[in-house]
Amino acid sequence: MADDGIILGIDLGTTFSAMAYVDRHGKPCVLANAEGHATTASVIHFYDREACVVGDEAVKMVVVDASNVVRFVKRYMGEPDFTLEFFGKAYTPQELSAIILRKLKDDAAEALGGEVLDVVITVPAYFNAAQRAATADAGALAGLNVLSIINEPTAAAISYGVERLGADRNIMVFDLGGGTFDVTVMDIRGTSLRTVASDGNAELGGKDWDDRLLNYVADCFQKQFGLDPRDDPQPYQELYERCLHAKISLSTKPRAVIPVNYRGHRAVVPVTREEFESLTADLLLQCEDTCNLVLEKARMSWGDIDDFILAGGSTRMPMIQGMIRRLSGKEPARGVNPDECVALGASLAGVFRHPA
Ligand code: ADP
Ligand code: MG
């Protein structure tokens, strides 16, 4: 058995999931999956009626075996009549989410040297009762004991705010993931953490930035050779992955190159961060609009926010940090890992609410 009383905090994400626990010294720690990564792609590949794989291996099959791959299950949580069929077997969204949770559970057991059953799972602040119930069901189907379902921005704020309780502060949690965007304004008053206002865009995320880059590169190739690599699944997948890597490089480097090989033709398309930012300027504006809407609902302005917490992998793009700086005149909070803060906060919430 793992240490008694271990509670796993699980960030069950649309594109990536993560897990964390609080160690014996009270320190929240991220648990790596069996592949050694802090995050696990929320993607399932069914390879026959009995077997499936979750994570990186499944991601590789997204285009080449599209009909046997599931992504973005989270978007369908709580829809009563939604099922997907693989090898003649129908699965509900909660059954599919349970497959992801089971992978996390198994990997946690492996890492900790014993089974962990108690979990706190996070959901977006906008999830309704049916979506929350479906998430809890998914946990039960995975053989987990779901202690509570908490909001992702609350978890992110907990991981940041535990050390800052006692002071009165207004916090904005800006969460730009792979396929969704959520903004939440919270306040700390004494020792309580409260959600003031929240909104989001379930159709905006890193995927949109990827698509822009991919279409730009494919257009360049097409202009040069009159051929479109988007026409064939395999080259499309290859180009998609290269564009995704280039996007990630552009978060730390001023320039990236994207090699394209298609039907015997080769091109190397250079992209500068400036070009990438202008290709996606309207996506950034959509983020800004949502922030303004949430501030309006909270009856606050940019200057009223004391701390900006960036969550979600896409907030690593410098244009996001730049936007926060430009609109608020403040630096985003330091020391917050955007991929990990939700899982870390969930593990802390588990320990506070359910002390051993
Ligand atoms: P979700 O909560 O939606 O499951 P995540 O918070 O894990 O998603 O964010 C995943 C997104 O973050 C993906 O679109 C991925 O490409 C993007 N991402 C991860 N790291 C970086 C980076 N360094 N620069 C830009 N985008 C990144
Ligand atoms: Mg997330």
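In this predicted model, Gly226 adopts a positive phi of about 70° just after helix H5. The helix that precedes this glycine comprises residues 206–225, and its length can be checked against its geometry: at 1.5 Å a residue, its 20 residues should span 28 Å, and the end C-alpha atoms lie 29 Å apart, which agrees. The buried residues of H5 are Gly206, Trp209, Asp210, Leu213, Leu214, Val217, Ala218 and Phe221. Because these residues cover an arc of only 160° around the axis, they fall on the same side of H5.

A second point of interest is Ser17, which belongs to strand S2, residues 16–22. Buried means under 20% relative accessible area, so Ser17, at 1% relative accessibility, counts as buried. Its side chain takes part in a polar contact of 2.9 Å with the side chain of Ser42, and the side chain of Ser17 also reaches the backbone nitrogen of Gly13 at 3.1 Å. Apart from neighbours within four places in sequence, the residues in contact with Ser17 include Asp11, Leu12, Thr39, Ile100 and Leu104.

The description now turns to ligand 1. It is surrounded by 17 residues, of which the closest are Thr15, Phe16, Gly178, Lys247 and Ser251. Helix H6, residues 233–250, supplies the largest share of this shell, with three residues. Polar backbone atoms also approach oxygen atoms of ligand 1: one of Phe16 at 2.7 Å, one of Thr14 at 3.2 Å, and a backbone N or O atom of Gly313 at 3.0 Å. Taken alone, ligand 1 exposes 590 Å², and the protein buries 87% of that area.

Conventions
Residues numbered from 1 in each chain as written. Chains lettered and ligands numbered in written order. Predicted model: local features only at pLDDT ≥ 70, side-chain atom pairs only at ≥ 80, totals over all residues. Heavy atoms only, no water. Helix = DSSP H or I, 4+ residues; strand = E, 2+ residues; numbered from the N terminus. Expected span 1.5 Å × (residues − 1). Buried < 20%, exposed > 50% of the residue type's maximum accessible area, 1.4 Å probe, protein only. Arc of directions from axis to C-beta. Polar contact = N/O pair within 3.5 Å; in protein donor to acceptor, adjacent residues only side chain to side chain. Contact = heavy atoms within 4.5 Å. Near = heavy atom within 4 Å. Areas by Shrake-Rupley, 256 points an atom, 1.4 Å probe, with all protein chains shown as cover.
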